[in-house]
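Below, each label put on this model is set against the rule that decides it.

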Amino acid sequence: MEQHVIRSVRADEWQKVKELRLAALRDPAAPMAFLETVEEAAAKPDAFWQDRAAGAAEGVHVRQFVAEAPDGRWDGSVTVFIEAAGGRDFLEQVVEADQGHVVGVFVRPEQRGSGLTDALFAAALEWVWAREEPVLERVRLFVHEHNERAGGFYRRFGFRASGLVIPKPDDPTAKEHEYVIGRP
């Protein structure tokens, strides 16, 4: 892991947030893992990225964690946001219970298998379980039916398939499986 520091983004780091997102969207697995293209993301104005970084830094309803190398380069990221019971999720479905939702998982190819993803997930789940209000009983994420590498990692980390299968929002011919992990 080259002595990476795992930490939350800061509001003024919007340019690094943008750079890492664009790198993630250029990855060959991006069409399975993300709901936007590199072209769509690159076209967004600086104000979008500034707002995104500021929101992910506050940590009230969303927090983005990054893996920062000694030279300052970001080699990975994971974001988790809070879904409130009774609210609506990204599919406009009613959320049954207060829960965390992991999105935007990415580790640069040269760092995969190094333990960086484990460290990012540990930080994200530590933040979720430490919340006092609301107390979250579970965290979920969705994985594309053909993204075996990601599914294998999530299972190894302790996530389990819930049985919920949905069409991929941007490709109804593909399926996404919900994985969940309960409060320890």
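Q: What makes 27 residues in the lining of the largest pocket nonpolar, 11 polar and 10 charged?
A: The classes follow from residue type, because Ala, Val, Leu, Ile, Met, Phe, Trp, Tyr, Cys and Pro count as nonpolar, Asp, Glu, Lys and Arg as charged, and the others, Gly among them, as polar. Among the residues nearest the centre of this pocket are Phe34 and Gly104, so Phe34 falls in the nonpolar class and Gly104 in the polar one. The model is a predicted one, in which local features need pLDDT of at least 70 and side-chain atom pairs pLDDT 80 or more, whereas totals for chains, interfaces and linings use all residues. Numbering runs from 1 along each chain as its sequence is written, and side-chain values use heavy atoms, with hydrogens and water left out.

Q: Why is glutamate 13 called buried?
A: Glutamate 13 has a relative accessible area of 10%, and buried means under 20%, exposed over 50% and partly exposed in between, with a 1.4 Å probe and protein chains only, so glutamate 13 is buried.

Q: How do you know which residues glutamate 13 is in contact with, leaving aside its neighbours within four places in sequence?
A: Contact means heavy atoms within 4.5 Å, and by that rule glutamate 13 is in contact with Arg7, Ala53 and Trp74. Glutamate 13 and alanine 57 are 44 residues apart in sequence, with their C-alpha atoms 9.3 Å apart in space.

How values were computed:
1 Å grid on protein atoms, 1.4 Å probe; cavity = no way out; pocket = protein on both sides within 12 Å on 5 of 7 lines; lining within 4 Å.
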